[in-house]
Amino acid sequence: MKTPRSLFISFEGIDGSGKSTQCKMLYHELLDRGYSVYLFREPGGTSISEKIRDILLDKENEGMSPITEMLLYFASRNQLITEKLTPALEKGQIVLLDRFVDSTIAYQGFGRDLSLDSIRKVADVAIGEVRPDLTVLVDTPLETAEDRLDKKVLDRLEAENAGFKERTRNGYLQLAKEEPDRFLVLDGRRSIEELKEAVIRRVDKELEIES
């Protein structure tokens, strides 16, 4: 196994953007190259975090308050960081994460209109200094994303209204604008293979930096 210095890459985007597909494709590409790489999803990735995921995405929990929702995401995230993510990074491994803190800022901050300052204060406690080296944002227009979800059984967040999803998408774009060096923004309307090639080109640069 190749063992570069640790590299942490997160994938972001609204539901139906195609980010999970790209995350999985990169995972298999790096495995095929002989890298030691882990793939986790948020919320989830540990036994405790998966139970929190069930609560968060259950459509029967429509009465959940935005603050409860935000805190549960961070609770799941802290468990994943403590149990899986930090140990992997400390061993010099590559970690791919399907969503991270940018999701909470975009969904609960911009989407739910919670205070961004409050979210970042909770983040200071829940994740400390852990930040991705690279964040791939698959930016997909709402109409395209909704078409992809058309035949899927939707969870509580996927079933949200268009206004919420558009605010979330705009939130992501604002975050990318604020940190252009960390974000790779891709047009989610491009083909799966075109997106894969763009992701790999950028990741290769990151691996050159780390080697």
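A residue counts as exposed when its relative accessible area is over 50%, and as buried when that area is under 20%. Take D113 as a trial case: its relative accessible area is 66%, so D113 is exposed. D113 sits in the loop between helix 4 and helix 5. Its phi is positive, about 65°, although D113 is not a glycine. One caution before I go on: what you see above is a predicted model.

Let me start with the sheet. It is open and built from five strands, in the order 2-3-1-4-5, with parallel pairing. The edges are strand 2, residues 37-41, and strand 5, residues 183-187, each of which pairs on one side only. From one strand to the next, the twist averages 20°. As background, strands of a sheet pair through backbone hydrogen bonds, either parallel or antiparallel.

Look at one pair in detail. Strand 1 covers residues 7-12 and strand 4 covers residues 134-139; the two run parallel and are joined by four bridges. Which residue of strand 4 is the bridge partner of I9? The partner is L134. Across strand 1, strand 4 and strand 5 lies helix 7, residues 162-178, and this helix runs at about 140° to strand 4.

Next, helix 2, which spans residues 47-57. Its buried residues include S49, I52, R53, L56 and L57. Why do they sit on the same side of helix 2? They cover an arc of only 120° around the axis, and that puts them on one side. The face turned away from this buried side carries the exposed residues S47, K51 and D54. Strand 2 and helix 3, residues 66-90, are among the elements that cover the buried residues.

The loop just before this helix, between strand 2 and helix 2, holds P43. The peptide bond from E42 to P43 is cis, with omega near -15°.

Now the interior. The largest nonpolar core has 37 residues, and F8, F74, F100 and I127 have the most contacts inside it. Helix 2, helix 3, strand 3, helix 4, helix 5, helix 6 and helix 7 each supply at least two residues of this core. Which element gives the largest share? Helix 3 does, with eight residues. Apart from this core lies another, of 21 residues, among them F11, V37, V136 and L207. Going back to I127, and leaving aside its neighbours within four places in sequence, its contacts are F74, R77, I81, F100 and V101.

On to the charged residues. The general idea is that side chains of opposite charge can pair when their charged atoms come close. This structure holds 20 salt bridges. I will go through a few.

E12 and R99 meet through their side chains in a salt bridge, at 3.9 Å from N to O. E12 is in strand 1 and R99 is in the loop between strand 3 and helix 4, so the pair ties together parts that are 87 residues apart in sequence. Is E12 buried or exposed? Its relative accessibility is 0%, so E12 counts as buried. R99 is buried as well, at 10%. R99 also has a positive phi, near 90°, in a residue other than glycine.

A second salt bridge joins E166 to R169, with the closest N and O atoms 3.8 Å apart. Both residues lie in helix 7, three residues apart, which is about one turn of the helix. The general rule is that an α-helix has 3.6 residues a turn, so residues three or four places apart point the same way. E166 counts as partly exposed because its relative accessibility is 28%, and R169 counts as buried because its value is 17%.

A third pairs R189 with D187, where the closest N and O atoms are 3.0 Å apart. R189 is at 57% relative accessibility and therefore exposed, while D187 is at 28% and therefore partly exposed. There is also a network of salt bridges that links E29, R33, K196 and D204.

I will end on E129. Where does E129 lie? Its place is in the loop between helix 5 and strand 4. At 76% relative accessibility, E129 counts as exposed. Its C-alpha atom is separated by 22 Å from that of I48, a residue 81 places away along the chain.

Technical notes
Residues are numbered from 1 along each chain as its sequence is written. This is a predicted model: local features need pLDDT of at least 70, side-chain atom pairs count only at pLDDT 80 or more; totals for chains, interfaces and linings use all residues. Side-chain values use heavy atoms; hydrogens and water are left out. Two strands pair if DSSP finds at least two bridges between them. Axes are lines fitted to C-alpha atoms, for helices over the stretch in contact, and angles run from 0 to 180 degrees between N-to-C directions. Contact means heavy atoms within 4.5 Å. Buried means under 20% relative accessible area, exposed over 50%, partly exposed in between (1.4 Å probe, protein chains only). The arc is that of the directions from the helix axis to the C-beta atoms. A salt bridge is a side-chain nitrogen of Lys or Arg within 4 Å of a carboxyl oxygen of Asp or Glu. A nonpolar core is a set of buried Ala, Val, Leu, Ile, Met, Phe, Trp, Tyr and Cys residues joined through side-chain atoms within 4.5 Å.
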